[in-house]
Amino acid sequence: MKLSRRQLVSGSLALGAASLLPSARAEVGERKFLFFFAGGGWDTTAVFDPHYGSEDVDMEEDSELGEVGNLDFTGGPNRQRVSRFFRKWAGKTAIVNGMDCHSVGHDSAANFVMTGTSASSYSDWPTLIAASSRNDYPMPHVVFSGPAFPGTRGETVVRAGGGRLISLLNGAIVGQSDAPAPLVSSPADRIADAYAYRRVARFAEARMEGLGGARALSLQDNLERAMELEGRRFEAGLDDLGTDMRAQALQAIELFRLGLSRTAMVGISGGWDTHANNVRQGMQFEDFFAVLDEVMERLSTTPGTYKPWMSDEVTIVALSEFGRTPLLNGGNGKDHWPFSSALVVGAGVAGNRRVGATDEGLVGIPVDFATGLADDNGDMLGCENLGVTLLRMASLDPGQFLPGVAELDALKASV
Amino acid sequence: MRALTLLLMLGCGDEPTPSRSVVERLPAREQLIRLSVDTRGVHPDASELAVIESNPDNYEGFVDRYLQDPRFLGRMREVFNQRYLTRTGDTYFSPSEAGIRGDSTEVAASLADEPLMLVSHIIENDLPWTELVTADYTMANPTVAAMWNIEYPDNVVGWQQGRYRDGRPHAGILSMTTLWMRYPSMGGNANRHRANAVSRLLLCDDYLTRPIVLNRAAVDQLTVDPEDAINSNATCQSCHSTLDPLSAHFFGFFHVDDEEGLRLATTYLPENEQDWMNYSGREPGYFGKPTNGLQELGQLIAEDPRFAQCAVRTMVEGITQRQLTSEDWPVLQEYVQVFEDNGLTVRPVVKAILMSELYRAGRITDEALAMRVPTVRTVSPTQLASIIEEITQYRWTFSGVDGMSAPAFGLGVLAGGIDGKFVTVPSFEPGVGTTFVQERLAQSAAWEVTTHDLDPGRTEGAILLAYVTVEDRPETSRAAFDQQIRYLYERVTGLPLGKGAPEVDEMMALWTEIYALEGSVEKSWATVLSVILRDPHILFY
């Protein structure tokens, strides 16, 4: 049975203000998920789904087919970081192609891709995973940037606002302002927190009803979470990284390492909605894969909490709301296209595998969900199939959330 | 609490209320605090609180007074930004291209406010809301004027009316470069993104929320010829039959080459106005009615009942912190009626909202209604910053950038705000980020106040610590501590502590504990003050 945060906090407050707050509890081993999202719609042919030789697909000039193991991708001199990533991590990487996102509108497609439905009341995959954890994470799902569809589980989601989170948590931010204040010592901080908490608890107790009561209770609950987080020892220098995609990803890993979060979302930098000048996609993929490489390096050299390395505990999922049309338009751009790709890397993933496919016109074709191979007798692959597979990889029962949606068994490692 | 049973008041008087609801008003002080935070972004001062406490009927007078406060205009800009989402932190181009040196944050803030300053100009001058889409001018400060090539009068400062130098037709917000930079469109999108922006921002009708199902045939058709598919497929036409004629108005702003520099890319191109022929082939029109250009479009939008409804909905949702549902339709219509009865001027409808019983509610005994209408309001990041600044004279800045209002800085989103791009809906349930932001801001402000006020060499008056000196200790100066702590609570929260309130002894105990730990009077008072600044009555109102 997991103890509620309030039980823990009220227990320690009862011991007196100075004894105070709970230290981190022993964490039950469970997989964590780092999501990346390219907002705007990525061109799947720029990396994941090359179609050289097709008259119906415009491939980037100067690119060429790259192959590592069972994975093929768009390579060449302008994809050196992409190629390097696959050379190093192909064994842990699966590419999903021909995935129907069911929409070509940015918002509605993002809703589909992240929740498997068009309904705003459904929580997205990372929120569901975080909310259904066996551990009581202080910040279950941290959204550094990128989309968030909390649905009815808003309490699970922490919007981190770029990369400021760590310096807020460790208090360093008070020394970074134009009128710097001294860092408050940890014991003093804890004492002050206890007094602040009492006042909040009294406030919430007096307002238990309706939406107003929910807000007051949310403050109390999240102050408890904050008290758990304070004073945690983050890796030195983490708050000096800046606020870019790389910083956000590395901070997410640190939150995982410390058992503070189970899932995180990081927006992939760049303008992906390339109705003109589509060649930018390649450069942006290069930047992303450089970060992805560093993330994998970090995970592979950081001891895990229940497995030898964090790379055995963390699954990385990269998505976009949809793909882009196969042919260039008059402005050398590509427009919205309902078929997209996904990249899934790390723990629990059947690596070195390509799952799903598109025809010569970049339209998704039926797939055998057990093998991942194109099969005329198979089923069309939709974003919801990927989603429920991720839920299963997180040890959840997908049927509780999206009953009847088939899992993509080919994506799962057989362990 | 004063219990008011409101029976069948629909249509009676000027207070739109739901029928048969039971509402208990907030105590008078708290009503005034709510009113002041919503209209001015700060707490009322002590004299104002005394006035309302002496006679709660003074509330309406305060409503009238606060609606004339310049800070009300800033609050309304914040409310309308929640719909327009122009405050993103983007400059779109390097400011150096316009000869602007220095910090880009100020440039981004100025550009974002071009449409929002038209909103506040309309409100300030009691102009009809239709001015938003019919104004024969835009709004600019020197930064916006330099970036967007707008005429700006000599020998003046600040925001002024101006006209674009490129000769574009002026139709209020529809002609603004800021809007079309924020809602760009390229290639085959052919201004559809912009058309939907117009629909969503001005009519509260988002095409993208409409359910559609594309079958395989439609997908194949899209592959071969997207425009043909859009024009012939019934599913596509369910949106595009009205969307595309709307899109056709904006080809003067449509630039094919997105590698152009600032001046080229932001110049209106009259020679492109007919380029809709090369894309959708649909002539400019507004929901079935042909139009002759941008200004006629503005007129038709102004005449559309949805335009006024959308403005009122934005105000109600922004001020009352809730999403209206179909159950709120009668109430919304009453406010719309107030809007129309007053020539579509904003202040009367905002007054009606602020005078309503639901706005002043401290408790709602109807369970269903209580789940729709929050009796606890949550400050936005900018409200939190301005409340703290008004109390402590402290503003949280980083290299000159306001940490709480600059979208790109991130603190606003952590505290439940929006960044206009990724986070477009504010969060009113305080998250763990909010608690940290409030804590660190409180610590920073408290340290500034304490070091200022306890400085023995200080020549100006104290900001907050006027009752104690650096020599005082609880055991020797209990009365001074008592007085100081009571003053702090009342000054910070607007609510005096009761005679036997435990907070006085608690704060003395906190002071003593910190002093024993740190051996510093300054740190002890800074900690006490920071805890009081973290009071829930700061975050909630």
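**Exercise 1. How many positive and how many negative side chains does chain B have, and how far apart do the centres of the two sets lie?**

Before we start: this is a predicted model.

Step 1. Count the charged side chains: chain B has 45 positive and 75 negative ones.

Step 2. Look at the two centres, which lie 3 Å apart in chain B.

Step 3. Now do the job again for chain A. You get 37 positive and 52 negative side chains there, with 11 Å between the centres of the two sets.

**Exercise 2. Work out whether the radius of gyration of each chain fits the globule rule.**

Step 1. Start with chain A, which has ten helices and twelve strands. For its 415 residues, a compact globule would have a radius of gyration near 22 Å, and chain A has 22 Å, so the two agree.

Step 2. Move on to chain B, with its 25 helices and nine strands. The rule gives 24 Å for 541 residues and chain B comes out close to that, at 26 Å, so chain B is as compact as a globular protein of that length.

Step 3. Add the outlines. The C-alpha trace of chain A spans about 75 × 45 × 40 Å along its principal axes, while the C-alpha atoms of chain B fill a box of roughly 85 × 60 × 50 Å.

Step 4. Finish with burial: 63% of the residues of chain A count as buried, and in chain B buried residues make up 60%.

**Exercise 3. Find out why strand E8 of chain A can be called largely enclosed.**

Step 1. Check each residue of E8(A), which covers residues 314-320. Seven of the seven are buried, so the strand is largely enclosed by the rest of the structure.

Step 2. Sort the side chains by direction. In a regular strand they alternate between the two faces of the sheet. In E8(A), A:Val314, A:Ile316, A:Ala318 and A:Ser320 point one way, and A:Thr315, A:Val317 and A:Leu319 point the other way.

Step 3. Look for the strands beside E8(A). Strand E1 (residues 32-38) of chain A runs parallel to E8(A), joined by seven bridges. Strand E11 (residues 339-346) of chain A runs antiparallel to E8(A), with four bridges.

Step 4. Zoom in on A:Val317. Its bridge partner in E1(A) is A:Phe35, and in E11(A) A:Val317 stands opposite A:Val344.

**Exercise 4. Describe the hairpin made by strands E2 and E3 of chain A.**

Step 1. Find the strands: E2(A) is residues 64-68 and E3(A) is residues 71-75, and they pair in the antiparallel sense over five bridges.

Step 2. Pick out a pair. A:Val68 stands opposite A:Leu71.

Step 3. Check the turn. Two residues sit between the strands, and A:Gly69 takes a positive phi near 60°.

**Exercise 5. Which parts of chain A cover the buried residues of helix H3?**

Step 1. See how much of H3(A), residues 106-115, is hidden: nine of its ten residues are buried. Among them are A:His106, A:Phe112 and A:Met114.

Step 2. List the cover. It includes strands E1, E7 (263-267), E8 and E10 (336-337), together with helices H4 (125-131) and H10 (383-393), of chain A. You met E1(A) and E8(A) in Exercise 3, where they were joined by bridges.

Step 3. Step past the end of the helix: A:Gly116 follows H3(A), and its phi is positive, near 80°.

**Exercise 6. Compare the settings of B:Ala190 and B:Phe287: is each one buried or partly exposed?**

Step 1. Look at the backbone. B:Ala190 has a positive phi near 50° although it isn't a glycine. B:Phe287, also not a glycine, has a positive phi of about 50°.

Step 2. Place them. B:Ala190 sits in the loop between helices H8 (177-182) and H9 (192-203) of chain B. B:Phe287 is in the loop between strands E5 (285-286) and E6 (289-290) of chain B.

Step 3. Apply the cut-off: buried means under 20% relative accessible area. With 4%, B:Ala190 is buried, whereas B:Phe287, with 30%, is partly exposed.

**Exercise 7. What does B:Leu67 touch beyond its neighbours within four places in sequence?**

Step 1. Locate B:Leu67: it is in helix H3 (residues 59-67) of chain B. At 3% relative accessibility, B:Leu67 counts as buried.

Step 2. Name the contacts: B:Thr39, B:Phe72, B:Arg347, B:Val350, B:Lys351 and B:Leu354.

Conventions. Residues are numbered from 1 along each chain as its sequence is written. Chains are lettered from A and ligands numbered from 1 in the order in which they are written. This is a predicted model: local features need pLDDT of at least 70, side-chain atom pairs count only at pLDDT 80 or more; totals for chains, interfaces and linings use all residues. Side-chain values use heavy atoms; hydrogens and water are left out. The radius of gyration is taken over C-alpha atoms; the globule rule is 2.2 Å times the number of residues to the power 0.38. Buried means under 20% relative accessible area, exposed over 50%, partly exposed in between (1.4 Å probe, protein chains only). Lys and Arg count as positive and Asp and Glu as negative; His and the chain ends are not counted. The place of a charge is taken as NZ of Lys, CZ of Arg, CG of Asp or CD of Glu. Two strands pair if DSSP finds at least two bridges between them. Contact means heavy atoms within 4.5 Å.
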